Amino acid sequence: MSHTSDRDDFQRKLIDALYVEAMAMAEGARGYFDGIGRQERDALDPVLRVGFSCESLKVTTRLMHIIAWILTQRAVEAGELQWTEARDPVRRLGVSPESDATVLAKLPPHAAALAHGSIELHRRVERLDQMADEPAVALGPVQALQARLGKAF
């Protein structure tokens, strides 16, 4: 097996794993915010209720940015999109909305966990997106990717 196919296989597995993680988190967030999360939100004081609603939108926004980025990577892999097109700013990972740590600390535990999880997943994908801009290292392709991933995770 060539280094290129090793690298391609590794990248494909990484993108697939991120996709599964993002979709599972999105489904969990939808289930929570449409279900028991509504009851938990309604039990909060009015100001925190607004904060809860804002955080639910931020979680959704982060996850949709991540999923769109992953689908772009898959389109490149499938030959449906050129790498240079994928690097266009409109196809890059969207910016993560800022969350207020004070609000997060007051949210019901499940809501806070979803917010923190989406922030962490977005940070990981953001590092991958930024690594694509780094100049190639004088290592073999597999070693270079492993070194970059080691810095990201």
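A salt bridge is defined here as a side-chain nitrogen of Lys or Arg lying within 4 Å of a carboxyl oxygen of Asp or Glu. Arg74 and Asp16 satisfy this criterion, with their closest N and O atoms 3.1 Å apart. The structure is a predicted model, in which local features need pLDDT of at least 70 and side-chain atom pairs count only at pLDDT 80 or more, whereas totals for chains, interfaces and linings use all residues. Residues are numbered from 1 along each chain as its sequence is written, and side-chain values use heavy atoms, with hydrogens and water left out.

The chain contains seven helices and zero strands, where helices (H or I, at least four residues) and strands (E, at least two) are DSSP runs numbered from the N terminus. Of its 153 residues, 35% count as buried; buried denotes under 20% relative accessible area, exposed over 50%, and partly exposed the range in between (1.4 Å probe, protein chains only).

Helix H3 comprises 32 residues, from 46 to 77. The expected span of a helix is 1.5 Å times one less than its number of residues. For H3 this gives 46 Å, and the end C-alpha atoms are 47 Å apart, which agrees. The N-terminal end of H3 is capped by Asp45, a side-chain oxygen of which lies 3.1 Å from the backbone nitrogen of Val47. Such a polar contact is a pair of N or O atoms within 3.5 Å; within protein, one must be able to donate a hydrogen and the other to accept it, and residues adjacent in sequence count only if both atoms are side-chain atoms. Just after H3, Gly79 adopts a positive phi of about 80°. Phe52, located in helix H3, is buried because its relative accessible area is 3%. The C-alpha atom of Phe52 is separated by 9.6 Å from that of Arg38, the two residues being 14 residues apart along the chain.

Two packed helices are described by the angle between their axes and the distance between the axes. Axes are lines fitted to C-alpha atoms, for helices over the stretch in contact, and angles run from 0 to 180 degrees between N-to-C directions. H3 and H6 pack at an angle of about 30°, with their axes 9 Å apart. H3 is therefore roughly parallel to H6, a description applied to angles under 35 degrees (over 145 is roughly antiparallel, 65 to 115 roughly perpendicular, and the rest oblique).

In total, 12 salt bridges are counted. The pair of Arg74 and Asp16 introduced above links distant parts of the chain, with Arg74 in helix H3 and Asp16 in helix H1 (residues 3-34), 58 residues apart. Both partners are partly exposed: Arg74 has a relative accessible area of 28%, and Asp16 one of 31%. A further salt bridge joins Arg87 and Asp129 (3.1 Å, N to O). This pair also connects distant parts of the chain, 42 residues apart: Arg87 belongs to the loop between helix H4 (83-86) and helix H5 (101-106), and Asp129 to helix H6 (residues 109-131). Both Arg87 and Asp129 are buried. Arg41 and Asp42 form another salt bridge, with closest N and O atoms 3.2 Å apart; Arg41 is partly exposed at 23%, as is Asp42 at 47%. Finally, a network of salt bridges links Glu27, Arg30, Asp34 and Arg38.
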